[in-house]
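Here's a protein to get to know, one piece at a time. Have a look at it first, then follow along below.

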Amino acid sequence: MTASADVVIVGAGIAGVSAAHELAVRRGFEKVVIVDPRPPLSLTSDKSTECYRNYWPNLPMVALMNRSIDLLDEMSLASGNAFGLNRRGYLFVTAKQERLMELVESSHVSSSFGSGPVRIHHDPDSYRAADDGFDVLANSETLRQHFPYLTGEAVGALHVRRAGWFSAQQLGSWMLEQAKDRDAEVVVDEVIDIDIAGGQVRSVKLASGRVITTSVVIDAAGPLSPNVARLAEVDLPVFSELHLKVAFRDHLEVVPRNAPMIIWSDPQTIAWSDEEKTELLNQDRHQLVAEMPIFCHGRPEGGAESPYLLALWEYHKAVTEPLWPLPTDPLYPEVVMRGMATMVPELGQYLDRLPHSVVDGGYYSKTRENRPLIGPAGPKGFHLMSAMSGFGVMVAAGAADLVASHITGGPVAEYAKSFLLSRYDDPDYVAQIAALEDAALEDAGLEDAGLEDAGQL
Ligand SMILES: Cc1cc2nc3c(=O)[nH]c(=O)nc-3n(C[C@H](O)[C@H](O)[C@H](O)COP(=O)(O)OP(=O)(O)OC[C@H]3O[C@@H](n4cnc5c(N)ncnc54)[C@H](O)[C@@H]3O)c2cc1C
């Protein structure tokens, strides 16, 4: 058992494992220890939809995500693409002309921060393969020629190109093996205390009673990171939001295996029968009979032979203490299938008899403005990789790169300050967040909030 370490990482989710890889493999740290009572990647990081994109509404997030995707590309090359990284993109589909205009506008905003050029296609022939920027399929004909399985109601779509998905479990396993080859160690235990003296981290105490002396601790404890931060007397402005996802057996092969991530970008109302409506109201499920939120979305899962379709629709908006086992919603598969059938009408075949499905999920750990917390906070030597929200898998490599630069005292990227906890010490920044929250409420989730809400995807 290690009695001392250069760095102790609390948590072996994708954040902690990425930090271990960055420090041990890329930066040559000799004694990196990860402590976690659970098997690596098993709490939240293997429950994700595993998608990534550089489409964000502000400069720091675009820059951080571009860095992260650069690193994912590098690791994909180095590992022979052991984790199945693809560049299928995110396709935001709408049945409303004004919504299409909003999506185009938001792509220009993101583009101005460095997420690539915007190309508009009025003619099906001009739309072709790309791995950066945005393609706007500007009319129904152009859209349906390339995506014939989408509803004829759709008037167009925004295809985000520096985007796709990969296996977070396989990436995590590959990074962990590489880190272990450089003597990084995983200790199966729980960090229950952090000793601080003279304003400097000195050691961590584990539930087993063991102590590891170290001058650097990274809090990568996912939804439990506020508890770990409290051990270092740091208060995190972070809350947890429940998110579910469902895997369906698409045995009729409705969604093609080569589809991108498809996202219905309009609000919709589910066409329940009168009887169903009465029953839902009796069950106090009023929300399901009212207008439902934007962004019901899904993608094929697995290789060419796999029948699985992953799908999500965040209509619960449940901010709660993170507790396991997760609260369940027995109606989730049916509601999501109904939402998806609005975008892909052939999925309606499943509504009489839902195919086999498996629901899982976890907690998004979020700040108010949905930006992560990365870097030093509180006593010297204490660092955060926290509040990874619905983008932890895509941002982990970039966050690990950033936290490692802070730890080594090397030059940090321009965007570093945007992710520090100390950003909340700036009254102008706090006022900006409040103004954004007000605007989002007024827009009822369709403008500024539309792209911020895409943080859920
Ligand atoms: C339904 C769903 C869909 C998602 N889709 C996407 C997506 O498409 N793209 C994307 O990028 N992200 C997505 N996410 C978000 C992503 O999964 C998370 O942001 C990410 O997994 C968080 O990783 P983490 O390492 O911070 O936390 P976790 O994976 O939760 O790991 C934290 C670890 O810390 C350990 N720990 C806690 N306390 C202690 C302690 N005291 N001592 C030691 N260890 C401790 C825990 O045991 C756990 O193993 C999704 C999430 C959900 C729930």
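## A hairpin to start with

Let's begin with two strands that sit side by side: strand 19 (residues 373-376) and strand 20 (residues 382-386) pair up antiparallel, with four bridges between them. If you want one matched pair to look for, find Ile-374, whose bridge partner in strand 20 is Met-385. Together these strands make a hairpin with five residues between them, and in this hairpin Gly-378 takes a positive phi near 70°.

Keep in mind, by the way, that this is a predicted model.

## The whole protein

Now zoom out. The protein's secondary structure adds up to 12 helices and 20 strands. Its radius of gyration is 22 Å, close to the 23 Å that the globule rule gives for 457 residues, so the protein is as compact as a globular protein of that length. Measured out along the principal axes, the box that the C-alpha atoms fill is roughly 65 × 50 × 50 Å.

## Two domains

How is the protein divided? It splits into domain 1 (7-83 + 167-238 + 367-425) and domain 2 (90-165 + 240-364). Going by C-alpha atoms, the centres of domain 1 and domain 2 are 30 Å apart.

The two domains do touch: 22 residues of domain 1 are in contact with 24 residues of domain 2. On the domain 1 side, strand 3 and helix 2 (59-78) are the elements that give two or more residues. Helix 2 gives the most to that side, with five residues. Sorted by class, the side of domain 1 that touches domain 2 has 12 nonpolar, seven polar and three charged residues.

## Around the ligand

Where does the ligand lie? Both domain 1 and domain 2 give residues to the shell around the ligand, so it lies between them. There are 40 residues around the ligand, and the ones that come nearest are Gly-11, Gly-13, Ser-48, Gly-222 and Gly-392.

Several elements each supply at least two residues of this shell: helix 1 (14-26), strand 3 (51-53), strand 14 (239-249), strand 18 (357-366) and helix 10 (392-408). As for the kinds of residue in the shell, there are 20 nonpolar, 14 polar and six charged.

## A small sheet

Next up is a sheet. Strands of a sheet pair through backbone hydrogen bonds, and they can do so either parallel or antiparallel. Here three strands make an open sheet in the order 10-11-12, with antiparallel pairing. Strand 10 (191-197) and strand 12 (211-213) are at the edges with a single partner strand each, so one side of each has no neighbour in the sheet. From one strand to the next, the twist averages 25°.

Take a closer look at strand 10 and strand 11 (residues 200-206): they run antiparallel and are joined by six bridges. Within this pair, Asp-193 stands opposite Lys-205 in strand 11.

## Two odd spots in the backbone

Which peptide bond is cis? That would be the one from Trp-324 to Pro-325, with omega near -5°. You'll find Pro-325 in the loop between strand 17 (308-312) and helix 9 (332-343).

The other spot is Glu-253, which has a positive phi of about 55° although it is not a glycine. Glu-253 is in a loop too, the one between strand 14 and strand 15 (261-264).

Note on methods
Residues are numbered from 1 along each chain as its sequence is written. This is a predicted model: local features need pLDDT of at least 70, side-chain atom pairs count only at pLDDT 80 or more; totals for chains, interfaces and linings use all residues. A residue is near a molecule or strand if its C-beta atom, placed from the backbone, lies within 6 Å of it. Ala, Val, Leu, Ile, Met, Phe, Trp, Tyr, Cys and Pro count as nonpolar, Asp, Glu, Lys and Arg as charged, and the others, Gly among them, as polar. Domain bounds come from an automatic or database domain assignment. Two strands pair if DSSP finds at least two bridges between them. Axes are lines fitted to C-alpha atoms, for helices over the stretch in contact, and angles run from 0 to 180 degrees between N-to-C directions. Two residues are in contact if their C-beta atoms, placed from the backbone, lie within 7 Å. The radius of gyration is taken over C-alpha atoms; the globule rule is 2.2 Å times the number of residues to the power 0.38.
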